[in-house]
Amino acid sequence: MEQIGDKIRALILEIQAHQPNLSALNNSQEKKDSSKTERYTILTAPSEGCPYGECDGSGLITVVDNQKGEVFVRMCQCHEIRVIESKLKFACIPDEFKDLTVASFRVDLYKHEDSRARAALAKRIAVNFVKHFERMQEKGKGLYFYSDTKGSGKTRLAASIGNALIKQYRVSVRFITTKALLDEIKSTFHEETGLTYSSVIEAIKQVDVLILDDIGTENKTGWVNETFFNIMDSRMTAHKITIFTSNTPIEGLKHDEKIRSRINKMAMPVAMPEESIRDALAQKENEELQALLYR
Ligand SMILES: Nc1ncnc2c1ncn2[C@@H]1O[C@H](COP(=O)(O)OP(=O)(O)O)[C@@H](O)[C@H]1O
Ligand SMILES: [Mg+2]
Ligand SMILES: [Zn+2]
């Protein structure tokens with residue numbers, strides 16, 4: 001419980017950082033309420049489930065207007081937090097990248113000068129993409145992070161953009177690897193999963209921001225091409241944002257030309273460094289542990 005409380009408090013601080021007026025607004029609201037305590041009776045018993053200690057954890061407060069003899073429900077300050085939490089949960093961003101921000105994407109970790117230059121540019125693009133997201137949404141323009149080298153930070157950067165968009169713009173985001181997406185769709189052919197083939201695809205078509213991880217590694221059978229075309233065409237027409245990661249540039253994708261051209265229209269390519277940060281981090285960790293173990 002304490003842990004959840006900490007997480008929610010951290011979220012509140014983050015939200016207030018983006019919306020400095022929120023705390024002022026809440027404070028003035030509090031004053032208004034407390035000055036009218038005779039007129040209003042609050043029926044909702046506050047519980048520990050609310051980080052503000054105002055509601056029962058549901059995000060709603062039931063109030064009686066004694067003058068009018070009416071009962072109404074108002075939103076608790078924690079409602080916003082709950083919306084963001086549920087969107088973060090819906091996004092299915094892997095645990096490894098769940099709490100990561102664009103700002104904490106490190107450029108200094110790359111050894112080579114040209115890698116640092118690419119990483120710095122990619123980070124700047126990510127920062128500006130989040131900043132100008134509404135404009136990007138109007139144009140329906142996403143991003144396509146690519147590099148042949150595994151562990152260079154493509155998924156890291158794409159996932160942290162997703163986190164930022166949920167917190168700053170309250171959009172719906174869904175992270176999924178291409179393989180998992182195809183497996184999910186395929187599984188609905190055979191099993192009684194409760195999801196039909198079309199409802200899985202429908203959900204993927206409709207989400208505000210789709211993060212499609214590792215496109216290009218899947219087998220391009222007929223139905224895969226057909227499925228991708230179906231999804232991409234619909235998202236392109238609806239100006240929905242898709243953020244791709246791949247180990248190949250768009251022109252190197254072995255999908256049908258009509259899919260490639262749609263991806264080209266839907267996303268700005270961003271070259272990532274050809275250097276593995278995962279290896280660098282593992283090496284650093286080993287060196288630290290060696291110092292401990294060989295002492
Ligand atoms: N610039 C960076 N700053 C901090 N950590 C990074 C950076 N790039 C990669 N990492 C970390 O290295 C690991 C591999 O990165 P990942 O994004 O999965 O690589 P890719 O998707 O390119 O294969 C992850 O644990 C990630 O958090
Ligand atoms: Mg990756
Ligand atoms: Zn509350």
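Does His-112, with 12 C-beta neighbours inside 10 Å, count as buried or as exposed? The structure examined here is a predicted model, in which local features need pLDDT of at least 70 and side-chain atom pairs count only at pLDDT 80 or more, whereas totals for chains, interfaces and linings use all residues. Residues are numbered from 1 along each chain as its sequence is written, and chains are lettered from A and ligands numbered from 1 in the order in which they are written.

His-112 counts as exposed, since 12 C-beta neighbours lie inside 10 Å; a residue is termed exposed if 12 or fewer other C-beta atoms lie within 10 Å of its own, buried if 20 or more do, and partly exposed in between, with C-beta atoms placed from the backbone. The residue belongs to the loop between H3 and H4, where helices (H or I, at least four residues) and strands (E, at least two) are DSSP runs numbered from the N terminus. Although 161 residues separate His-112 from Pro-273 in sequence, their C-alpha atoms are 9.1 Å apart in space. The loop between helix H3 (79–91) and H4 also holds Cys-92, which has a positive phi of about 55° although it is not a glycine, and which is partly exposed, with 14 other C-beta atoms within 10 Å. A positive phi, of about 65°, is likewise found at Asp-214, which is not a glycine; Asp-214 lies in strand S6 (residues 209–215) and is partly exposed, with 18 other C-beta atoms within 10 Å.

Strand S4 (residues 142–146) has 5 of its 5 residues buried and is therefore largely enclosed by the rest of the structure. In a regular strand the side chains alternate between the two faces of the sheet. In S4, Gly-142, Tyr-144 and Tyr-146 point one way, while Leu-143 and Phe-145 point the other way, and all are buried. Pairing, which requires that DSSP find at least two bridges between two strands, links S4 to strand S8 (residues 267–271) through 5 bridges, the two strands running parallel, and Gly-142 stands opposite Ala-267 of S8. S4 also pairs in the parallel sense with strand S7 (residues 241–246), over 4 bridges, and here Tyr-146 has Ser-246 of S7 as its bridge partner.

Two helix pairs were examined, with axes taken as lines fitted to C-alpha atoms over the stretch in contact and angles running from 0 to 180 degrees between N-to-C directions. Helix H4 (residues 113–131) packs against H6 at an angle of about 20°, with the axes 10 Å apart, and H4 is therefore roughly parallel to H6, a description reserved for angles under 35 degrees. The H4 and H6 crossing is right-handed, the near helix being turned clockwise from the far one by less than a right angle. For helix H9 (residues 222–237) and helix H10 (residues 257–266), the packing angle is about 30° and the axes are 10 Å apart, so that H9 and H10 are roughly parallel to each other; their crossing is left-handed, the turn being anticlockwise.

Around ligand 1 there are 16 residues, of which Gly-153, Lys-154, Thr-155, Arg-156 and Ile-277 come nearest, a residue being near a molecule if its C-beta atom, placed from the backbone, lies within 6 Å of it. Helix H6 (154–169) and helix H11 (277–293) are the elements that give two or more residues to this shell. The shell divides into 5 nonpolar, 5 polar and 6 charged residues, where Ala, Val, Leu, Ile, Met, Phe, Trp, Tyr, Cys and Pro count as nonpolar, Asp, Glu, Lys and Arg as charged, and the others, Gly among them, as polar.

Key
Angles under 35 degrees count as roughly parallel, over 145 as roughly antiparallel, 65 to 115 as roughly perpendicular and the rest as oblique.
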